[in-house]
Amino acid sequence: IGGQINRHGGYVRNIVGRRMNNAHNEAVRASLLLTPSEAFTNTTVVNYSNSNETGPATRSRFVGPVATTLFPAFVAANVANNRRPFWTVANNIDAYNRIKSALVSNITELDLGSVTLKNVFGYRRVKSDISVDLDGTELQVYNARNIIGSKQWSNEFQVIGDAFDGHLDYIIGAFWFRETASEDDISYRAAGTNPRSVGRPIVRI
């Protein structure tokens, strides 16, 4: 059994929210080996990780000609950004990274003398929720959120042996895989950038 815990406070100051770019994650790994006989082995490995962190912090420092014409408030926000210290931002949302993953693998082997039977099983699950202030200002201009959930299963069965007095080594087997997943990409834009106004999701995949 092994594990890891990583913690440190946010090193970026957000003047309109909480401190950002902290570290708050942990991971654990456990393995179990069963050998009821010399001919039979079974190995199971389990991995789990969890991350719940603030950030990434963002900052806009340049405004193009279109934004200069349409969004004078955005121009002023960029001027204010350039006057702030490097590790200080003004993000109107508390951006975050929330990711959980679990992995299970199992390998079973049975030595029958002339052949070896081997089975490899795997399972993986991931949940991810990430939010970020893409415009990098205290204004509601362009924020985004990405949500992913996925599950994977796989199994491989092998028959391993040799033939023709050891002149031919062979592996015969079959492989199966299945995955289910969902993903939402959501963006929130200010009025005037899209007909569907402030704070409403306008991109959803």
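**Helix H2, overall form and selected residues of the predicted model**

On the face of helix H2 that is turned away from its buried side, the exposed residues Pro-72 and Arg-83 are found. The structure described here is a predicted model, and helix H2 offers a convenient place to begin. The helix covers residues 72-83, which makes 12 residues, and the distance from its first C-alpha to its last is 17 Å, close to the 16 Å expected at 1.5 Å a residue. Its buried residues are Phe-74, Ala-77, Asn-78 and Asn-81. When H2 is viewed down its axis, these buried residues fall within an arc of 100 degrees, so they line one face of the helix.

Helix H2 belongs to a protein that has two helices and nine strands, and from the N terminus on these elements follow the order β-β-β-β-α-α-β-β-β-β-β. The radius of gyration of the protein is 26 Å, well over the 17 Å that the globule rule gives for 205 residues, so the protein is more spread out than a compact globule. Taken along the principal axes, the box filled by the C-alpha atoms is roughly 80 × 35 × 30 Å. Of the 205 residues, 29% count as buried, while the protein exposes about 12600 Å², of which carbon and sulfur atoms supply 58%. Among the contacts between residues at least 6 apart in sequence, 59% join residues at least 24 apart.

The confidence of the prediction is described by a mean pLDDT of 89 for the protein, with 91% of its residues reaching 70 or more. Over residues 192-205, however, the pLDDT is below 50, although this stretch has 31 contacts in the model beyond near neighbours in sequence. Where pLDDT is low, the predicted coordinates should not be read in detail.

Several residues in the loops of the protein deserve separate description. Asn-91 lies in the loop between strand E5 (88-89) and strand E6 (96-111), and with a relative accessible area of 1% it is buried. Leaving aside neighbours within four places in sequence, Asn-91 is in contact with residues from separate parts of the chain numbering, namely Asn-14, Val-16, Met-20, Ala-57, Thr-58, Asp-133, Gly-136 and Thr-137. In the loop between strand E4 (40-54) and helix H1 (65-70) stands Pro-56, which is joined to Gly-55 by a cis peptide bond with an omega of about 10 degrees.

Two further loop residues, Asn-21 and Phe-164, are described by their backbone angles and by their accessibility. Asn-21 is placed in the loop between strand E2 (13-14) and strand E3 (23-37), and its phi is near 65 degrees, a positive value in a residue other than glycine. Phe-164 is found in the loop between strand E8 (142-163) and strand E9 (168-189), and here phi is near 55 degrees, again a positive value in a residue other than glycine. As for accessibility, Asn-21 counts as buried because its relative accessibility is 19%, where the cut-off for a buried residue is under 20%. Phe-164, in contrast, has a relative accessibility of 62% and therefore counts as exposed.

Within the strands, Val-120 and Phe-157 can be described in a similar manner. Val-120 is part of strand E7 (residues 115-133), and at 25% relative accessibility it counts as partly exposed. The C-alpha atom of Val-120 is separated by 7.4 Å from that of Ser-105, a residue 15 places apart from it along the chain. If residues up to four places away in sequence are not counted, Val-120 touches Asn-106, Ile-107, Ser-154, Asn-155 and Glu-156.

Phe-157 is found in strand E8 and is likewise partly exposed, with a relative accessibility of 37%. Although Phe-157 and Asn-119 are 38 residues apart along the chain, their C-alpha atoms are separated by 4.5 Å. Asn-119 also appears among the residues that Phe-157 touches once those up to four places away in sequence are set aside, together with Leu-117, Lys-118, Ile-172, Gly-173 and Ala-174.

Methods:
Residues are numbered from 1 along each chain as its sequence is written. This is a predicted model: local features need pLDDT of at least 70, side-chain atom pairs count only at pLDDT 80 or more; totals for chains, interfaces and linings use all residues. Side-chain values use heavy atoms; hydrogens and water are left out. Helices (H or I, at least four residues) and strands (E, at least two) are DSSP runs, numbered from the N terminus. Buried means under 20% relative accessible area, exposed over 50%, partly exposed in between (1.4 Å probe, protein chains only). Contact means heavy atoms within 4.5 Å. pLDDT is the predictor's confidence in each residue, from 0 to 100. The expected span of a helix is 1.5 Å times one less than its number of residues. The arc is that of the directions from the helix axis to the C-beta atoms. The radius of gyration is taken over C-alpha atoms; the globule rule is 2.2 Å times the number of residues to the power 0.38. Accessible areas come from the Shrake-Rupley method with a 1.4 Å probe; for residues, only the protein chains shown count as cover.
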